[in-house]
Amino acid sequence: MAQAYDVQEVERKWQARWADEHTYEVDADDPRPPRYVLCMYPYPSGAAHQGHVRNYTFGDLLVRYRTMRGDAVLSPFGFDSFGLPAENAAIRTGEHPRLFTEARIAELKASVRALGAVYDWRREVRSHDPAYIKWNQVIFLHMLEAGLAYRALAPVNWCPGCQTVLANEQVTADGRCERSGDLVVQRDLEQWFLRTTAYAEELLRALDGLDWPERVKTMQRNWIGRSEGVEFDLPVVGHESDGLALRVFTTRPDTSFGMTYAVMAPEHPLVDVITTEDRREAVDELRAEAARATELDRTSGAASEKPGVDTGGRVVNPFSGQAIPVYIADYVLMRYGTGAIMAVPAEDERDWEFAKVHGLPVVRTTQPPQGFEGGAWTEDGLKINSGFLDGMDAAAAKEQAIEWIEEEAIGARTVNYRLRDWLISRQRYWGCPIPVVYCPDHGIVPVPEDELPVLAPDDVEFLPTGDSPLKRHPTFRHTVCAVCGGPAERETDTMDTFVDSSWYFLRFCDPWNDKAPFDPDTAVHFMPVDQYIGGIEHAILHLMYARFYTKALVDMDVAAGLPREPFDRLFTQGMIRMDSKKMSKSKGNLVTPSRYFDTVGADALRLFHLFVGPPADDMDWTSQTDEVIEGCARYLDRVWRLAVPEPGEEGEGRGGERRAPDVEVQRATHRLIAKVTDDIERWSFNTAVAACMEFANALQRYRRETPDGPHAETYAEGVDALLLVLAPMAPHFSAEAWERRHGPGARVHTTPWPPYDPALAVAETVTLVVQVNGKVRDRLEVSAEIDEGEARRLALASPKVLEALDGAEPVRVVVRPPRLVNVVV
């Protein structure tokens, strides 16, 4: 496709200009109002793919738009450069992860520059840089001192392919590693944790004040999983003398009279005590089987499919006074609640199914509706078979049951959370080392701050053994204790890479600081992030951990005065699919942007991503996509011919007073500015592009069809307005066309965003569509201010409508002024 200008030359020219002129570099002393726009920093997997293009196009549009609105926009970029792929590549090829990673960074950085996305590259952060590692480790030591970091033995998900621990979210529904596809197994390891549960309530409550998508907030609320209830004791039969009891948690104490058995997690410490000798072999078999299963395996599926074993032990239901059997089952987890549950099969589907399998009794404590013949009744109703609770509704019975438990001193109200502490240990090399040593005499000893950063050595051997290469290194592991000077061993685990991404946005505020992770006053100047942009896949882990980190940093006085929420406004863009699958490198279905950079140019590709649909929606990359991208390129060509006169055409157009067609173009210009401004503020980028296309068509008709030519000032104002509103969307094109129109040194992106006159932006007339039974019968040009009564009168008086009615009386007339009337007969 022949183009009106040399796309590649123009794009390279303006990319260099923006860098050389420091257009998008800002400092804390900038007198303009600060604004922080941030795209989630990426893992450097190589050259950009279309998902990157979509994300960075949205972010870049906002940076340029807010700059033109007069803000000092902080727009940094960095790389989440630790992670498994680099280490796995080292195992396969022998290439060191640092070299592998830095090559991928160079590829991605080149792609981002070619897109024309502008960043303050002075602030670039890479999580594998020694300076960043140091401050990561300093923050960890602050958490250790504050009691927010601790070490404990814990069962973990272990991927034999990746040779590392996985979070529950990284295990697929069929028990496999989401990256390698290997079956995940369970291991017990000494692990480092961060105490996220200390902030569970605040993490939950603060969601209400965030301008985030509701589905993201719902996902976080569900992950935190707050449940109000009561814990109480079930005395163990045969242990009356020592008062041994099994403690359970329930949110439905009103159903306690229907408790006919209890279930413990296989790991519960009372299993050995309660189990009778005749049941021990069966109990041990189930425990061994549960130890090999992942948490996801254990908690998915119906209870009827779950193994359960009677321990032979009995506990007393304190409400009914009856002894009930105690089972162990793998669907009960020690990490949740007390590790034991009371089972009420009449009011819980899982308990009902388990009871059917094991032949356990069922006692209804809630009256189901008349004629109900199903299994468990899980809705509300009046209490029955419940002693002193009989006749009460569920809410009153729940409160009465809790009061009774507290009066009897066998339990207390409590709040439980599904949220668990954050396991950060990873048995890998390519991550931030955990800065502690183990001394035989002094136990866990922090590495002194003046000895940080602790850096992993380069001369390590990468083998698929399951242990960190650091464990086999001849010198790294062996060191001295900072307390006594005696021999000690370094921690060889590294930190979860989510640690790196939990505070990078703060380092961006003050990346040159060599005295602290960042200066709190400088961070306060920019924080919170005004607009954070990224994928929905980060809705839980990254966003939750970043919120936890920010609160902890404030409380530890590392970030005194900082807002406790890091991201004021969040936008999650839709993903790109091909053949119904997410476009990704791992699926081998990428369409690289470079092929478009080298043909139609970055601006056409950017315009496509803005135009193709609402930014929050998923989009399908199909065989017709290239046609749409080429259409965007042709549109820019048309605007170029409207904006940049051919030699000899300069100064065309008439002067004098504006006539009616000129005034309408003037009004259309103000409507364009008003609409694009509103659309950008609402993230309705697709309709903003559509408005620009519609306006270009109107300008083209105006220039071509006005008998003695367009009014020069009106036409110039229209073209300039179009270039200004296109400047954040198609930046290279707009910058070049603006300079051609206004001379060397003219910069469209430092020109203020165009104002509009509300009076001129209001359309004088609009097209009123008139339907009969949903079928269009007429189109009427009416005042934009028409009221409902007048719109109804005009519609019913239309000869075309009268013909369609053929004497029939309307049953109903639906009026939506000024655009639609639907006559129903």
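# A first walk through a predicted model

In this predicted model, the chain carries 90 positive and 128 negative charges, and the mean positions of the two sets are 4 Å apart.

Reader: Let's start with the overall picture. How many helices and strands does the chain have?
Author: The chain runs to 825 residues. Its C-alpha atoms fill a box of roughly 110 × 85 × 45 Å along the principal axes. As for the elements, the count is 27 helices and 30 strands.

Reader: What share of the residues counts as buried?
Author: There's plenty of outside to look at: the chain exposes about 35100 Å², and carbon and sulfur atoms supply 49% of that. To count as buried, a residue has to be under 20% relative accessible area. Of the 825 residues, the share that passes is 54%.

Reader: And of the contacts with a separation of 6 or more, what part comes from residues 24 or more positions apart?
Author: A contact here is a pair with heavy atoms within 4.5 Å. Take those in the chain with a separation of 6 or more, and pick out the ones between residues 24 or more positions apart. They account for 71%.

Reader: Let's zoom in on β12. Which residue in β12 is the bridge partner of Val 316?
Author: Strand β11 (residues 308-316) and strand β12 (residues 323-329) run antiparallel and are joined by six bridges. They form a hairpin with six residues between them, and Gly 321 in the turn has a positive phi of about 80°. One of the pairs puts Val 315 with Ile 324. For Val 316, the partner is Ala 323.

Reader: Which residue stands opposite Ile 328 in β12?
Author: For this one, look at strand β10 (residues 261-264), which pairs with β12 in the parallel sense over three bridges. β12 is largely enclosed by the rest of the structure, because six of its seven residues are buried. Opposite Ile 328 stands Met 264.

Reader: Is Val 332 buried or exposed?
Author: Val 332 sits in the loop between β12 and β13 (340-343). Leaving out residues up to four places away in sequence, it touches Val 263, Met 264, Ala 265, Pro 266, Arg 298, Gly 339, Ala 340 and Ile 341. Its relative accessible area is 5%, so Val 332 is buried.

Reader: How far apart in space are Val 332 and Glu 178?
Author: Along the sequence, 154 residues separate Val 332 and Glu 178. In space, going from C-alpha to C-alpha, the distance is 24 Å.

Reader: Over to the helices. How many of the 19 residues of α2 are buried?
Author: Helix α2 covers residues 50-68 and reaches 27 Å from its first C-alpha to its last, close to the 27 Å expected at 1.5 Å a residue. After the helix comes Gly 70, with a positive phi near 105°. α2 is mostly covered, and its buried residues number 18.

Reader: What span should the 19 residues of α20 have at 1.5 Å a residue?
Author: Helix α20 takes in residues 625-643. Among its buried residues are Ile 629, Leu 636 and Trp 640, and the buried set packs against α18 (594-597), α19 (602-611), β26 (619-620), α22 (685-705), α23 (712-726) and α24 (731-742). The end C-alpha atoms are 27 Å apart, which agrees with the expected span of 27 Å.

Reader: β26 came up there. Which strands stand at the edges of its sheet?
Author: The sheet is an open one of three strands with mixed pairing, in the order β25-β24-β26. An edge strand has a single partner, so one side of it is left without a neighbour in the sheet. The two edge strands are β25 and β26.

Reader: Which residue in β25 is the bridge partner of Met 578?
Author: Strand β24 (residues 576-578) and β25 run antiparallel, with two bridges joining them. β25 spans 581-582. In β25, the partner of Met 578 is Lys 581.

Reader: One more pair. Which residue in β18 is the bridge partner of Val 437?
Author: Strand β17 (residues 436-439) and strand β18 (residues 443-446) run antiparallel, joined by four bridges. A hairpin connects the two through three residues. In β18, Val 437 is partnered by Val 445.

Technical notes:
Residues are numbered from 1 along each chain as its sequence is written. This is a predicted model: local features need pLDDT of at least 70, side-chain atom pairs count only at pLDDT 80 or more; totals for chains, interfaces and linings use all residues. Side-chain values use heavy atoms; hydrogens and water are left out. Two strands pair if DSSP finds at least two bridges between them. Buried means under 20% relative accessible area, exposed over 50%, partly exposed in between (1.4 Å probe, protein chains only). The expected span of a helix is 1.5 Å times one less than its number of residues. Accessible areas come from the Shrake-Rupley method with a 1.4 Å probe; for residues, only the protein chains shown count as cover. Lys and Arg count as positive and Asp and Glu as negative; His and the chain ends are not counted. The place of a charge is taken as NZ of Lys, CZ of Arg, CG of Asp or CD of Glu.
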